[in-house]
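Visitor: I am new to this structure. Please pick one part and take me through it closely, then show me how the rest is laid out.

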Amino acid sequence: MSGTGRPGDGPQPLRGLRVLEFSHTIMGPCAGLVLADLGAEVVKIEPAPHGDHTRRLPGFASGFFATFNRNKRSLALDLKRPEGRATAHRLAAQADIVLENYGPGTMERLGCGWEQLRAVNPRLVYLALKGFLAGPYEHRPALDEVVQFQSGLAYMTGPPGRPLRAGASIIDILGAVFGVTAVLAALRERDATGQGQRVCSSLFESAVFLMGSHMAGLAATGEPPPPMPARRGAWGIYDVFQTADGPLFIGVTSDQQWARFTQAFGLASLAADPRLATNAQRAQERSWLLPALQAALGGRPQAEVERLCDGAGISWAPVGQPADLFEDPHLAAGEGLLETAISALGGGARFGLPALPLEFGADRARVRLRRQPPRMGEHNAEVLAEAGYGAAEITALSAAGVVVAASPPLA
């Protein structure tokens, strides 16, 4: 059963859980985002004095911080100082979950590894997000793109001879979601045993999981799977067609859909052709069938083709770009975009960024944005006060540079 916070806050099924997030870039922040969006109180522990380096990334990565750090609070803490480590331990003693995605051995060197923190809180669930699970590779550094190549995903994505990474950081995000799944399982086990545990999710094994169907296909047929652009399609019509004013993907995946498709577009001769009676036959005839369909569709306006496909119950999609999503009517109608401050723009202008793709309850409620992505150290004083620090102690930690004062508010 989903929980609900204050009116207007949306579903918060994880409300009451306390999380410390030691993370950077995408994998760790994304895991923290999922927990935070679902209502957990997530405190992002940023390395003092400069904070999460993601805040300063240029180019296409300049939106990373805004995308993956909403609904969190920020504490800027110097873990290289004994006072900083002591503060982290004091916070961990009151936490339910710690998550981290630093390189192998980093958290241990900072005094905040699993063995060190379980000593202060045996109920702690500790999520380590790494490049590899246990094995010969576990001490290697890894990146999303590295494991896309290592796992065969890049080989399967690009055309033959040109391996290509996917167009988004899908392994970072998948690894984060698998990590949250492990956390929820460990919390369930803690309910029964009273004890926490270390759980781990990884980039490489997440990428390998995506290769499972290709591995099974190879085992079943003895034939290595070709890259997706060169694959032998399972469906006769499953391609991009050029309309009079734009490209459109159309998928006809059953014989019933074929009958509706040919009727909707007035393709009686194709409907009656015995060579096209079944999907398997249509797949064999793609060399001439697809050009014939292109000739039939090419002179029609895209809006007309969309309308006819929609009316016939045929799968279709425009060839979209990221910019299209800001104005997508479906996302707007379903609370699919959350107005988020983009700190990289300096003034903190707000744009709609994707909500978690989840609904809760009979009213199909979506999780919402309750906090904008935090300024570095924005919540130093309140987080420390909640951990039992007095005003004088907080002032002393700040004066010594163990915690760093919040950056100035956005203009």
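Guide: Let us take helix 6 and its surroundings. Keep in mind that this is a predicted model.

Start with the whole chain. It has 411 residues, and 43% of them count as buried. Its secondary structure comes to 19 helices and 11 strands. The C-alpha atoms fill a box of roughly 85 × 50 × 45 Å along the principal axes. Now look at contacts between residues at least 6 apart in sequence. Of these, 69% join residues at least 24 apart.

Now to helix 6. This helix covers residues 144-151. Its buried residues are Asp144, Val147, Gln148 and Ser151. Where do these buried residues fall, seen down the axis of helix 6? They lie within an arc of 110°, so they line one face of the helix. The general rule helps here. An α-helix has 3.6 residues a turn, so residues three or four places apart point the same way.

What does that face meet? The buried residues of helix 6 pack against three elements: helix 7 (153-157), helix 8 (170-193) and helix 9 (203-210). Then comes Gly152, just after helix 6. Gly152 takes a positive phi of about 100°.

Next, step back along the sequence from helix 6. The charged end of Arg140 sits over the ring of Tyr137, 4.1 Å from its centre. Tyr137 also belongs to an aromatic cluster, together with Phe132 and Phe204. Phe204 brings us back to helix 9, which spans 203-210. Helix 9 is also one of the helices that the buried residues of helix 6 pack against.

Aromatic rings turn up elsewhere too. A search of the whole structure finds 11 aromatic pairs. One of them joins Trp235 and Tyr238. Their ring centres are 4.9 Å apart, with 35° between the planes, and the pair counts as tilted. Are these two residues buried or exposed? Trp235 is partly exposed, because its relative accessibility is 33%, between the limits of 20% and 50%. Tyr238 is partly exposed as well, with a relative accessible area of 31%.

A second arginine lies over a ring. Arg90 lies over the face of Tyr389, at 3.8 Å from the ring centre.

Last, the cavities. The count comes to one cavity of 30 Å³ or more. The largest cavity has a volume of about 30 Å³. Its lining includes Thr54, Arg55, Ser62, Gly63, Phe65 and Ala66. Ile342, Ser343 and Ala344 line this cavity too.

Note on methods:
Residues numbered from 1 in each chain as written. Predicted model: local features only at pLDDT ≥ 70, side-chain atom pairs only at ≥ 80, totals over all residues. Heavy atoms only, no water. Phe/Tyr/Trp six-rings, centres within 6.5 Å; stacked < 30°, edge-to-face > 60°. Buried < 20%, exposed > 50% of the residue type's maximum accessible area, 1.4 Å probe, protein only. Lys NZ or Arg CZ within 6 Å of the ring centre and 35° of its normal. Helix = DSSP H or I, 4+ residues; strand = E, 2+ residues; numbered from the N terminus. Arc of directions from axis to C-beta. Contact = heavy atoms within 4.5 Å. 1 Å grid on protein atoms, 1.4 Å probe; cavity = no way out; pocket = protein on both sides within 12 Å on 5 of 7 lines; lining within 4 Å. Points joined across faces, edges and corners; volume = space filled by probe spheres on them.
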